[in-house]
Amino acid sequence: MKNKTPTPYTAPPTILVIFGITGDLSRRKLLPALWHLFYTNQLSAPFRVIGFARRDFSTDEIRAFVRETLDDLLAAADKNTAQRFLDNFFYQQGQFDAAAPYDALAARIKDAEQALGAPATTIFYLSIAPVHYETVFQALHDSGVVDVATDTRTQSRILVEKPFGRDTETAQALDEKLGHLFREEQIYRIDHYLAKETVQNILNFRFSNFIFEPIWNKDGIEKVHIELLETLGMEGRGAFYSDTGALRDVGQNHLLQLLAMVAMENPGQYEAAHVRVKRAEVLARLRAVSETDLARSVVRGQYEGFAKEPGVTHDPQTETYFKLRVFLDDPVWEGVPFILESGKRMRKDLTRVTIYFKHASRTLCPLDDDHPCQNTLTFEIKPTEGITVSFWAKKPGFSNEIEQRALHFDYRARSTDERLPDAYERVLYDAIRGDQTLFASTEEVHAAWRYITPILKEWQKVPLEPYAPGGDGPESRATL
Ligand code: BG6
């Protein structure tokens with residue numbers, strides 16, 4: 001895989017319109033990401049942010065809101081720099097379904113371009129509940145705010161957060177709508193897992209080293225375990241979650257994208273056109289789970305007390321945990337199970353991908369319970385960020401006993417003052433530059449839904465097991 005040498009980039013000015021600027025995602029992720037990009041000079045051109053939300057804010061009030069949100073970060077910088085950052089913020093109040101605010105927004109964008117002195121790339125970030133997506137898309141189109149001209153340097157781009165639909169049909173309907181209103185190159189479907197430094201490194205690690213390459217297939221790999229376990233519960237998202245569940249929330253997107261990173265072919269070049277096609281090919285080969293196989297391929301759970309969480313109003317059948325065994329219809333991966341597992345209110349926070357290699361055909365290892373003598377390679381994503389290779393070696397001394405040892409690479413240990421950019425910094429950085437490599441294509445989204453939707457339709461038949469909050473999940477997880 002060839003990485004492009006970064007060419008110095010002279011971006012046109014950028015105008016970022018954030019729908020839902022006062023919301024949770026904006027406060028926790030987008031505004032801090034923007035600050036870090038600004039502070040580390042990664043926003044290489046002048047920029048403006050126009051917040052769009054229902055609250056009534058003046059320009060001073062939105063700046064005060066941003067100042068308060070980023071209090072700790074701004075306090076650590078000098079006052080002038082903080083002020084220069086805040087001076088870029090403007091605001092447009094409006095209901096998503098009214099026409100007038102979009103006309104006012106268009107006027108604000110024009111003013112901003114005049115102040116910036118050049119045509120700008122305008123990015124529309126939908127950080128709002130998915131029920132409003134269609135309304136906002138239509139209004140952006142009808143008002144002419146989104147420019148569908150062909151100049152890719154300065155064109156308008158639309159960034160959409162997941163969930164992108166809730167099953168095959170709704171995702172298709174949403175895409176048809178989008179396809180009708182805008183061009184595919186303008187649509188950036190966010191899966192923030194793709195933008196994580198450690199997730200990108202799966203590709204670079206696989207395709208820049210030879211050592212694992214010859215055994216990266218069914219002959220060398222016994223199984224792959226992909227985990228996203230969280231100690232957190234609902235955190236105020238009970239209403240959204242009880243209607244969504246774990247499989248839709250993180251399975252259809254983050255975990256399947258991790259699987260694609262592990263199983264995809266070498267894209268040859270690190271470019272959107274190549275990488276996205278290879279990821280989509282993997283997702284298109286996910287083997288449908290038959291009805292008879294479902295009970296053997298799935299464990300579903302719900303933590304005790306979920307039904308009493310604020311906002312959880314209906315459907316006590318929502319899963320907060322799942323474990324799913326997935327196979328690929330691909331001769332390279334024939335018979336290799338990919339185990340996807342995720343849960344809320346678990347004992348620890350842990351996101352990682354573990355590759356279990358097959359045993360050597362002839363070994364000195366006793367191969368008993370204490371000595372499984374299996375090699376593993378782990379990509380650690382959270383809370384530690386690194387790569388670990390485990391192997392077996394002789395214990396020092398006169399006996400011939402062997403023990404498990406590990407080689408470990410820790411991103412944080414590279415240098416104490418180097419910070420890993422947050423995924424949302426990467427999302428914004430790439431969107432400004434017009435690079436769609438780390439955004440999901442329509443083919444990927446649909447292939448993932450085509451696999452997940454039949455499971456969602458049938459899996460109510462699989463018992464929903466309760467599990468203790470702060471534990472390891474439902475008992476029968478051990479059967480997969
Ligand atoms: C989000 C889900 O997409 O990903 C959340 O909606 C989940 O429920 C989160 O907590 C996990 O992301 P991260 O980056 O914290 O691992």
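How many nonpolar, polar and charged residues are there in the lining of the second largest cavity? Point 6 has the count; here are my notes in order.

1. First, a reminder: this is a predicted model. Please read everything below with that in mind. The domain assignment splits the protein chain into domain 1, residues 14-161, and domain 2, which is made of 194-421 plus 462-479. Taken over C-alpha atoms, the centres of domain 1 and domain 2 sit 35 Å apart.

2. On to the ligand. Its surroundings are Lys162, His192, Tyr193, Lys196, Glu230, Arg237, Asp249, Val250, His254, Lys344 and Lys382. Sorted by class, that shell has seven charged residues, two polar ones and two nonpolar ones. If you want one element to look at, pick helix H10 (residues 245-263): with three residues, H10 gives the most to the shell.

3. Which side chains put a polar atom by a ligand oxygen? Aspartate 249 does, with an N or O atom of its side chain 2.6 Å from an oxygen atom of the ligand. Histidine 254 has a polar side-chain atom 2.7 Å from a ligand oxygen, and for lysine 382 the distance between a side-chain N or O atom and an oxygen atom of the ligand is 3.0 Å. As for cover, the ligand on its own has 400 Å² of accessible area, and the protein covers 82% of that.

4. Have a look at the backbone around two of those lysines too. Lysine 162, one of the residues around the ligand, is joined to proline 163 by a cis peptide bond, omega being near 0 degrees. Proline 163 belongs to the loop that runs between strand E5 (156-160) and helix H7 (168-181). Lysine 382 is also on the ligand list, and the bond from lysine 382 to proline 383 is cis as well, again with omega near 0 degrees. Here the proline, Pro383, is in the loop between strands E12 (376-382) and E13 (386-394).

5. Now the cavities. Searching the whole structure turns up three of 30 Å³ or more, and the largest has a volume of about 160 Å³. It is lined by 17 residues, of which Asp191, Gln252, Asn253, Ala440 and Val445 are the closest to its centre. Helix H10 turns up again: H10 gives the most to this lining, with four residues. Both H10 and helix H14 (442-458) supply at least two residues each. By class, the lining of the largest cavity comes out as nine nonpolar, five charged and three polar.

6. Back to the opening question. The second largest cavity holds about 50 Å³ of space, and its lining consists of Thr14, Leu16, Leu34, Leu43, Phe47, Arg48, Ile123, Leu428 and Ile432. Strand E1 (14-19), strand E2 (47-53) and helix H13 (423-433) are the elements that give two or more residues to it. And the count: seven nonpolar residues, one polar and one charged.

7. One last backbone point. Which residue has a positive phi although it is not a glycine? That would be glutamate 235, with phi at about 50 degrees. You will find Glu235 in the loop between strand E7 (221-229) and helix H9 (238-242).

Note on methods: Residues are numbered from 1 along each chain as its sequence is written. This is a predicted model: local features need pLDDT of at least 70, side-chain atom pairs count only at pLDDT 80 or more; totals for chains, interfaces and linings use all residues. Side-chain values use heavy atoms; hydrogens and water are left out. A residue is near a molecule or strand if one of its heavy atoms lies within 4 Å of it. A polar contact is a pair of N or O atoms within 3.5 Å; within protein, one must be able to donate a hydrogen and the other to accept it, and residues adjacent in sequence count only if both atoms are side-chain atoms. Accessible areas come from the Shrake-Rupley method with a 1.4 Å probe; for residues, only the protein chains shown count as cover. Ala, Val, Leu, Ile, Met, Phe, Trp, Tyr, Cys and Pro count as nonpolar, Asp, Glu, Lys and Arg as charged, and the others, Gly among them, as polar. Domain bounds come from an automatic or database domain assignment. On a 1 Å grid over the protein atoms alone, a cavity is a set of points where a 1.4 Å probe fits but cannot get out, and a pocket is an open set with protein on both sides within 12 Å along at least five of seven lines; lining residues have an atom within 4 Å of a point. Grid points are joined across faces, edges and corners, and a volume is the space filled by probe spheres set on the points.
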